[in-house]
Amino acid sequence: MGTIIGAGASMLREDDVSTNGSGAEATAADVDLDVVVVGAGFAGMYLLHRLRGLGLSARVIEAGADVGGTWYWNRYPGARCDIQSVDYSYSFDPELDETWKWTEKYAPQPEILRYAQHVADKHDLRRDIQFSTRVESAVWDESASRWQLRTSDGRTITSRFYVMATGCLSMPKEVDIAGTDRFAGEVYFTSRWPHEGVDLSGKRVGVIGTGSSAIQSIPIMAAEAAQLTVFQRTPNFSMPANNGPIPQEKLDALAKGRPQYREAARWSGAGVTVEISTTSALAVSEEERLAKYEDVWEHGGIIQVINSYMDNLVNPAANELLCEFVRNKIRATVNDPETAEALCPKTFPIGTKRLCVDTGYYETFNRPNVRLVDLREHPIASITETGVDLVDESLEFDVIVFATGFDAMTGAIVGVDITGRDGLTLKQAWSEGPKTYLGLMAAGFPNLFMITGPGSPSVLSNMMVSIEQHVDWIADCIDQLRADGLSTIEPTPAAVDGWVQHVNDYASITLMPQANSWYMGANVPGKPRVFLPYAGGVDRYRTICNEVVADDYLGFERRGPDGQRRNDGVVRRVQPDVQLMLEAMAGMNLPTMDSMSAAEAREFSNAIAAQRAPGPDVGEIVDGVLPGAAGDLTYRLYRPASPGPHPIVVYFHGGGWVLGSHDSDDPLCRDLCVRSDAILVSVDYRHAPEARFPAAADDAFAATQWIAENAAALGGIPGDLAVAGWSAGGNLAAIVSQLARDAGGPRILGQLLLTPVTDCDFSRASYTENADGYVLTTPLMHWFWNHYADPEDRTSPKASPIRAESLADLPPAMVVTCEFDPLRDEGAAYAEALAAAGVPVRHLPCRGQIHTSLPAVDMLLSGVQIRAEMAAAIRGFFTANVPA
Ligand SMILES: Cc1cc2nc3c(=O)[nH]c(=O)nc-3n(C[C@H](O)[C@H](O)[C@H](O)COP(=O)(O)OP(=O)(O)OC[C@H]3O[C@@H](n4cnc5c(N)ncnc54)[C@H](O)[C@@H]3O)c2cc1C
């Protein structure tokens, strides 16, 4: 056996990579194959099986001396899976499920490795795997449409397809501590633990790192060593494995039908069937919440804990409740209060780093031979010949164990020198962070596939399920290319950019990016900070991958001797939370409003409004009455909590002049009031068809005049007046601005027009592109206009403000439009026309949003930034900060 080599050198054992591979014999001559696969972990093994089934020539190249990947390398004491073994196992071969019996709920590493070896034996995989060989470079040969690979044994292999099954957590991170190679004692890495084991008895051991591997191994090392010192930079959340026999309910679920059980996992969010809460942690009593936490803590696993409440990963307040529950568990376990506090994570939300699973980790700190060194208080100055020098103390060790983690998700991929089309290297292409389509392929690298690559659910899931899905997709794709007589496939740059955007959009509606985690590349100095996995879930991701195929490989270009097929496009353009809302609504099979009478539609929209989140608290709400153009109107005033007087915004609700009230837009008004620190007065103007054009416009103007005159009495600053409105309300705000200009007052300092109706012309492209499927439909707009105004009235500027003779001298404006809204283009046209008339205007186009996104306060997190910008625009109106 080779010696373990210290930091700075290759992390591989010296005897693992040799020139004399076992398994598949490396022939002296160059080899040409259909497919080369790098890595013989669970991914490479299953892929080899599938490729053989397709009759393709394939070879796997593996740096280690046997199959198993993760489970071949990570042999540290206590290494186990953190997903129950029944779930963390292959599903492609039902016989395996019948014949292989897991001994424990969470099997230990030797058992998982034996399982991998058993699968290799059963399917005779090793004859096509070249072990102890590293792929060092891969170059795309455009003229031959083939990859040319160089391996560590100095040979060249060419292949049509090249698959990186190199694993997300297979490239150990370089140790970045001064003096690492000075230490004269024994050095071990958890990720490259010696096959023969290590005798720690009677030794002084220092462990650097407190990630998952450390948390699993520390209790066992502590029981053996004379002294154990744990160096902790950032504490992690860990939960007890409660390991033991496979739980009865698991066995019962399996007994009911394995195929259904496996299929349910494939269509679950994390690749494991668990109950997904639809309740907010903030919506239940403390007693109920604690009971739920205790239940998942005792009987569940990491996925159940994180899914205990629906908002754990999106709402900081909900997340903090779970954090505190876990911290209290730590405090209750660790005797020394100072050590307990140091072990309590406080710098990141729970679940934003993979929750660890342990057996006796926190209890270990009650042992007399164990000490915790909090590196935030006592940083390491240097590793020395005899141990570790802290800034304030020198410690001596016989053994140092590095549990310092991995260059996750991208490390092993860019660890091979990959050069694609036109000499572009993958390292260059990914210099700002990985850019993939579906985590499967990169633009400029034809026929190069990645399994569980960045941009796929991968490490956020039960990886077995994700691996099988990727392998199947890739194998089916290669098979389809062959059937179609095509030889290459590559994603288009637009598809890649769209996917990267979608992955970022998903991450940014969660708390995930808030942690300095390896999900963010934050553990590796110099690595770009981008959220690497896809947070949308295994089920949603599978749907997307299937859709791409069904849509004739949307976003891909395929070529062959007979020409090329380019199907450019972006697979998900709607914001993820908006998409979820649309899916939920589609599932309800709601009737369309344009099929109803006005009264029915009002009842229906009121019922929907009643289910919304209430919006934030404001200082005060006052309901009142003011004189409209033809009788009294009700209004609702929202006053900020700060001391007044405040500027006033007159607000007009949406609803196509037919529906709505100050109730319907209540959450949005609260939100704008809190964010802008202005009074909002929401006016309930008369509605059609009872009061048709120009009743709403006349009421809106009359109300604005009255509010201007009574500003002081309302607690406002006289003269500090702006107007705002959403949809038909945006139409009214624009019209009021024109009427006030023409009448010489009141003076309006700004107009905030949210997805406004500005014209009666239905010929703009957004009416066709977004005619259906995004809540406000083109037929519904016809229905609104028909109720509101006769055709001859619609072209009046009092109905279609874009048709005004002049738009000059109007108040500064912010116009907000949403990408998937029939009204998008007329809003944009109004912004353009205002600008052309010399009005200071800011047009804010909202990518991936729909007409009803903006009022969905506290429901659509992707709208938060937009509302912040709207409020900033309101503040700008009153400080003469003209929008730019
Ligand atoms: C300690 C630990 C515990 C884990 N527990 C769980 C769990 O409980 N549940 C879960 O879902 N996931 C877990 N994971 C994630 C785990 O990595 C995956 O579940 C799965 O094993 C990955 O399989 P893979 O085949 O994709 O990659 P790997 O198993 O990492 O295999 C990749 C192989 O590629 C080889 N390789 C890489 N580069 C080259 C090259 N250039 N040339 C030749 N060979 C190369 C490596 O030697 C390696 O053997 C764990 C990971 C670790 C490290």
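Start at Asp82 in this predicted model: one of its backbone N or O atoms sits 2.5 Å from an oxygen atom of the ligand. Met463 also uses its backbone here, with a polar backbone atom 2.8 Å from an oxygen atom of the ligand. Thr70 works through its side chain instead, placing a polar side-chain atom 2.7 Å from an oxygen atom of the ligand. How much of the ligand's own accessible area does the protein cover? On its own the ligand has 970 Å² of accessible area, and the protein covers 96% of that.

Now step back to the whole shell. There are 33 residues around the ligand, and those that come nearest are Glu62, Thr70, Asp82, Tyr88 and Met463. By type, the shell splits into 18 nonpolar residues, 11 polar ones and four charged ones. As for where they come from, the elements giving two or more residues to the shell are α1 (42-53), α2 (70-73) and α15 (463-483). Of these, α2 provides the largest share, with three residues.

Next, head along the chain to helix α26, which runs over residues 824-836. Its 13 residues reach 18 Å from the first C-alpha to the last, close to the 18 Å you'd expect at 1.5 Å a residue. Which residues of α26 are buried? They are Arg824, Asp825, Glu826, Gly827, Ala828, Ala829, Tyr830, Ala831 and Leu834. The cover over these buried residues comes from several elements, including the helices α22 (728-743) and α23 (765-769) and the strands β27 (751-754), β28 (813-820) and β29 (841-850). Just after α26, have a look at Gly838, which takes a positive phi of about 90°.

Helix α23, part of that cover, also leads to the last stop. Thr777 sits in the loop between α23 and α24 (778-788). Is Thr777 buried or exposed? Thr777 counts as buried because its relative accessible area is 11%, and the cut-off for buried is under 20%. Its side chain reaches the backbone nitrogen of Leu780 at 3.1 Å. Leaving aside residues up to four places away in sequence, Thr777 touches Asp594, Ala771, Asp772 and Pro822.

If you want to trace this on screen, begin with the ligand and the contacts from Asp82, Met463 and Thr70, then go to α26 and its buried residues, and finish at Thr777 in its loop.

How values were computed:
Residues are numbered from 1 along each chain as its sequence is written. This is a predicted model: local features need pLDDT of at least 70, side-chain atom pairs count only at pLDDT 80 or more; totals for chains, interfaces and linings use all residues. Side-chain values use heavy atoms; hydrogens and water are left out. A residue is near a molecule or strand if one of its heavy atoms lies within 4 Å of it. A polar contact is a pair of N or O atoms within 3.5 Å; within protein, one must be able to donate a hydrogen and the other to accept it, and residues adjacent in sequence count only if both atoms are side-chain atoms. Accessible areas come from the Shrake-Rupley method with a 1.4 Å probe; for residues, only the protein chains shown count as cover. Helices (H or I, at least four residues) and strands (E, at least two) are DSSP runs, numbered from the N terminus. Ala, Val, Leu, Ile, Met, Phe, Trp, Tyr, Cys and Pro count as nonpolar, Asp, Glu, Lys and Arg as charged, and the others, Gly among them, as polar. The expected span of a helix is 1.5 Å times one less than its number of residues. Buried means under 20% relative accessible area, exposed over 50%, partly exposed in between (1.4 Å probe, protein chains only). Contact means heavy atoms within 4.5 Å.
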